[in-house]
Amino acid sequence: MSETHLSAIKTCKKTIQSMTGFSSVLLSTRIGMIHLELRSVNSRFLDLQLRLCDEFRAQETRIREYLTRFFQRGKIECRLFWAQDEIQNQKPHINTQILSELAKLEGEIKMHFPLANNLSIRDILNWPGVTESKKLMANEPDEITQQALELATTSLIEARQREGQQLANLLTEKIGTMQQLLLALQPKLPDAMLAYSNKLSQRLTEAMQKAVETSGATVSINELQERIRQEVALHNIKIDVNEEIDRLNLHLKEFQSILNNGGAVGKRLDFLTQELNREANTLGAKSTIIEQTQASMDLKVLIEQVREQVQNIE
């Protein structure tokens, strides 16, 4: 393996990778040009689709095993073609090295058998290895496939890493914006809770007093105030969003930590976006002030943007 390829192997498991990428390799070999393409797009799982020329059809298992070592998710299409030079392939070539050895061998035999017949042109051309055509030898498909795969895979990993880094930067920006929204909302919540409690207490007082007057029941002021306090406390519990905000902040910190650690994290990030969306919905459902409602809507917009980007991360 080349040093570049070894470097790609070491870093591919430590960095964020996009599932979108493309690489193309033209490899000049003894038997002609080898063209290998790798195209990668989004997929929930690793989906390998191979299109190989007939001469390299037997390499399918090798290619699948090789690509599985480096990629965990994505639909990857591999195309391998052999661009032969038909004119050169039809024209036989003389192996001058074997020809020289054959001439040397004939000379040595003549020293011992001077009357022996000389080799004819037919004899020379029929000698094994003297003439050769550009056909695949037994081990060549393995060697050529390995070389082309290393080059193409390294290029694809680098392309996916570049786009992955851009996605990570974008997601970090979105996470920071959501954290700022929560930071701006939190100081407003105590006053909002107090205002809601006072308003609710006033309404309950009026409603209960009217009910008592209508029914003619006798209820002490202390009993009335205690009942109102219980109802207000119950409603305060229902609209309290401190736990939701704490969970949102924890999820956002975990999201950023996963991005920083890198690797194949797409599924984990997708799960976190679902949890973020659930908490943002609850934040909106418990809203008592317009600022909280607006914060919930802004969070859901950002979370949806994050979810769309996460779908492209391995």
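Two strands are taken to pair if DSSP finds at least two bridges between them. On that basis, in this predicted model, Q49 has E77 in β4 as its bridge partner. The pair belongs to the parallel association of strand β3 (residues 46-52) with β4, which extends over 7 bridges. Within the strands, D47 stands opposite K75 in β4. Strand β4 (residues 74-83) also pairs with strand β2 (residues 32-41), here in the antiparallel sense and over 9 bridges. In this second pairing, L38 has C78 of β4 as its bridge partner. Between β3 and β4 the chain passes through helix α2 (residues 60-70), and the resulting β-α-β crossover is left-handed.

These strands are part of an open sheet of 4 strands with the order β1-β2-β4-β3 and mixed pairing. β1 (21-29) and β3 each have a single partner strand and stand at the edges, so one side of each is left without a neighbour in the sheet. On average, and with direction ignored, neighbouring strands of this sheet are turned by 10° against each other.

Two helices that lie across strands of the sheet were examined. Helix α2, the connection from β3 to β4, lies across β2, β3 and β4 and runs at about 145° to β3. Helix α6 (residues 140-185) lies across β1, β2 and β4, and its direction is at about 150° to β1.

Further along the chain, helix packing was considered. Two packed helices are described by the angle between their axes and the distance between the axes. For helix α9 (residues 242-261) and α10, the angle is about 160° and the axes are 10 Å apart. With angles over 145 degrees counted as roughly antiparallel, α9 is therefore roughly antiparallel to α10. The crossing of α9 with α10 is left-handed. On the α9 side the contact includes E244, I245, R247, L248 and H251, and on the α10 side R268, L269, L272, T273 and E275 are among the residues met. By class, the residues of the contact of α9 with α10 comprise 11 nonpolar, 3 polar and 6 charged.

Helix α10 (residues 266-285) packs in turn with helix α11 (residues 290-310), at an angle of about 165° and with the axes 9 Å apart. This angle makes α10 roughly antiparallel to α11. The crossing of α10 and α11 is left-handed. In α10, the residues G266, L269, D270, T273, L276, N277, A280, N281, L283 and G284 take part, and they meet Q292, S296, L299, K300, I303, V306, R307 and V310 in α11. The contact of α10 with α11 divides into 8 nonpolar, 7 polar and 3 charged residues.

Several residues of α10 recur in the two contacts. L269, T273, L276, A280 and L283 are among those that meet α9, and L269, T273, L276, A280 and L283 are also among those that meet α11.

How values were computed:
Residues numbered from 1 in each chain as written. Predicted model: local features only at pLDDT ≥ 70, side-chain atom pairs only at ≥ 80, totals over all residues. Heavy atoms only, no water. Axes fitted to C-alpha atoms, helices over the stretch in contact; angles between N-to-C directions. Parallel < 35°, antiparallel > 145°, perpendicular 65-115°, else oblique. Left-handed = near helix turned anticlockwise from the far one by under 90°. Contact = heavy atoms within 4.5 Å. Nonpolar A, V, L, I, M, F, W, Y, C, P; charged D, E, K, R; others polar. Right-handed = clockwise from strand over helix to strand, strands pointing away.
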